[in-house]
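Got the viewer open? Here is a walk through a handful of stops, with what to select at each one.

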Amino acid sequence: MSARVARPDAQLVRHALASLSALLVASAPIDAQHAHTGASRIDSSAHADSVRSWRVGAMAIGVATRADPGAHGRTVREGALTQPMIVGDVQLAGEALQALVTVNLEGLTLRRGEINPGIYGEGYIDRRHPHTYLHEAMLGGSTPDGPIRLSLFIGKGFVPFGTDDPMTRPFVKYPVNHHLAQVMERVMVVGAVNIGAAALEFARFNGDEPEGPSDSPNPGRSLDSRAVRLTIRAPFGLEPSVSRANVKSPEFASGGGLDQKKESASLRLARDTGVWRYALVEWGRTREIERDGRTAFTFSTVLAEGSVTLARAQLAARFERSERPEEDRLDDPYRSIRPLLDFNVLGRTRWDIVTLSLAAPALRRRWLSAVPFVEGAWLRPRALAHPSAFDPQTFYDARELWTWSVGVRVEGGAMRPRFGRYGVAAVSPPVRRSSMHMSAVR
């Protein structure tokens with residue numbers, strides 16, 4: 001087996017932060033001039049051989065959360081600085097060459113994770129794990145406009161599987177299905193072809209998940225997994241999509257663990273008819289496969305969410321039913337054993353969750369915006385097998401859980417309306433800043 005390579009990305013992160021911070025300061029007057037579009041962009045047509053356009057943005061969310069109850073029936077009250085990010089895009093010669101970089105600083109602000117009952121992944125349970133410092137670094141290009149367009153990108157980023165990353169959606173707390181519905185922070189090669197309203201993406205990527213914010217992909221796992229996604233840009237802002245992925249041993253970094261076969265189908269709506277509307281319905285399934293081809297575990301998810309913006313305030317609702325593995329925990333009840341083997345899975349729990357969010361109108365000053373919000377969720381976990389080695393009612397000392405969050409989202413410059421689609425697969429209509437985040441309008 002190949003050894004895991006784990007090294008700090010400190011030098012790379014420092015260079016990226018310095019460059020992106022300089023761009024952010026420089027872009028301030030541009031943002032002020034283009035506040036009506038929510039986009040920050042510089043075009044230098046006089047220098048066709050140099051950078052034609054670039055944009056940069058930064059965001060962070062300060063949030064205070066009460067989870068009642070948390071592990072062992074204890075109420076959790078805590079504050080966090082979550083989703084601190086700097087994002088930069090550079091284009092050369094139109095779309096012929098493009099670079100995208102995202103630096104995520106949750107490794108500094110969320111060392112113990114963010115309280116988020118029901119969520120799991122990368123050794124965290126009921127706390128959302130911090131993402132890697134180098135969240136995304138992709139380089140590629142696209143062919144000119146025509147009936148058939150092609151693109152090819154390489155780097156570290158979002159695999160073409162499932163739905164948009166939750167950080168671009170109307171809620172602060174992530175859904176339980178984050179690791180069922182997205183595959184991210186992988187080194188990959190992704191190609192796409194666009195014919196009319198259809199975009200087909202296909203990728204090869206490393207299957208191993210990161211094991212910490214400073215972790216690097218295992219070089220022995222390069223391009224051992226694959227994914228494909230078909231998206232149709234239908235009229236009236238509708239966007240149906242289907243995708244599949246075969247992920248080799250994501251939980252056991254050196255390989256040899258359970259593989260995953262993943263399927264997803266979704267329907268997204270983004271439309272501005274005077275009242276901004278957004279909706280998403282998705283279904284997903286992940287099967288964990290043993291070496292002999294037998295299915296060891298199956299986890300499914302169904303989620304529906306939507307938002308409406310009236311008088312610049314945004315009301316959003318999310319309904320979710322997702323299944324998660326109950327992993328053998330450490331002395332810290334919010335952490336699990338890594339590497340994860342099949343005998344460390346103690347059972348399956350189904351989570352039914354209803355989340356409501358209200359965001360106030362954005363407070364703007366030049367190129368900065370601040371959006372106060374309040375968010376609440378009702379959660380009900382239930383074991384899917386009886387008897388079970390893990391009983392949620394006993395663990396939480398309750399049948400139902402509640403979370404309440406209040407905070408403010410701060411953005412500067414231009415944040416991308418969506419993450420995870422590259423080249424001709426990217427949806428690039430005009431953009432409008434909603435009260436919570438940048439939103440795409442078709």
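Where does asparagine 218 lie? Select it and look at the loop between strand S10 (198–205) and strand S11 (225–232). One thing to keep in mind as you click around: this is a predicted model. Is asparagine 218 buried or exposed? Its relative accessibility is 1%, so it counts as buried. Now add glycine 220 to the selection. A polar atom of the asparagine 218 side chain sits 3.0 Å from the backbone nitrogen of glycine 220.

**The strands on either side of that loop**

Next, select Leu200, Phe202, Val228, Leu230, Ile232 and Val242, and turn on the surface. Together they make a nonpolar surface patch with about 440 Å² of accessible area. Which elements give two or more residues to the patch? Those are S10 and S11. S11 supplies the largest share, with 3 residues. For a single residue to zoom in on, take valine 228, which belongs to strand S11. Its relative accessible area of 35% falls between the 20% and 50% cut-offs, so valine 228 is partly exposed.

**A positive patch**

Keep the surface on and color by charge. Pick Arg204, Arg226, Arg244 and Lys261: these four gather in a surface patch of positive charge. Zoom in on lysine 261, and you are in strand S13 (residues 259–272). Lysine 261 counts as partly exposed because its relative accessibility is 35%.

**Salt bridges**

How many salt bridges does a search of the whole structure find? The count is 33, so let's just visit a few.

- Start with aspartate 68 and arginine 66. They form a salt bridge, and the closest N and O atoms are 3.3 Å apart. Aspartate 68 is partly exposed at 29% relative accessibility, and arginine 66 is partly exposed too, at 32%.
- Then jump to glutamate 290 and arginine 294. This is another salt bridge, with 3.3 Å between the closest N and O atoms. Glutamate 290 has 24% relative accessibility and counts as partly exposed, while arginine 294, at 53%, counts as exposed.
- Now select aspartate 352 and arginine 321. Their salt bridge brings the closest N and O atoms to 2.6 Å. Turn the cartoon back on for this one: aspartate 352 is in strand S17 (residues 345–359) and arginine 321 is in strand S16 (residues 313–327), so the pair ties together parts 31 residues apart in sequence. Aspartate 352 is buried, at a relative accessible area of 17%, whereas arginine 321 is partly exposed at 40%.

Which residues are joined into one network by salt bridges that share partners? Select Asp164, Glu201, Arg229, Glu239, Arg268, Arg418 and Arg421 to see it.

**Back to S16**

Stay with strand S16 for a moment and pick glutamate 326, which lies there. Is glutamate 326 buried or exposed? With a relative accessible area of 0%, glutamate 326 is buried. What does its side chain make a polar contact with? Show threonine 349: the side chains of glutamate 326 and threonine 349 make a polar contact at 2.7 Å.

**Two distances to draw**

Get the distance tool ready for the last stops. Select alanine 99, in strand S4 (residues 97–104). Alanine 99 is partly exposed, at 25% relative accessible area. Draw a line from its C-alpha to that of alanine 137. The two residues are 38 apart in sequence, and the line spans 7.3 Å.

Finish at tryptophan 402, which you'll find in strand S20 (residues 401–413). Its relative accessible area is 39%, so tryptophan 402 is partly exposed. How far is its C-alpha atom from that of threonine 355, and what is the separation along the chain? The C-alpha atoms are 9.9 Å apart, for residues separated by 47 positions along the chain.

Conventions
Residues numbered from 1 in each chain as written. Predicted model: local features only at pLDDT ≥ 70, side-chain atom pairs only at ≥ 80, totals over all residues. Heavy atoms only, no water. Helix = DSSP H or I, 4+ residues; strand = E, 2+ residues; numbered from the N terminus. Buried < 20%, exposed > 50% of the residue type's maximum accessible area, 1.4 Å probe, protein only. Polar contact = N/O pair within 3.5 Å; in protein donor to acceptor, adjacent residues only side chain to side chain. Patch = residues over 30% accessible without salt bridge, like charges linked within 9 Å, V, L, I, M, F, W, Y side chains within 5 Å. Areas by Shrake-Rupley, 256 points an atom, 1.4 Å probe, with all protein chains shown as cover. Salt bridge = Lys/Arg side-chain N within 4 Å of Asp/Glu carboxyl O. Lys, Arg positive; Asp, Glu negative; His and termini not counted. Charge placed at Lys NZ, Arg CZ, Asp CG, Glu CD.
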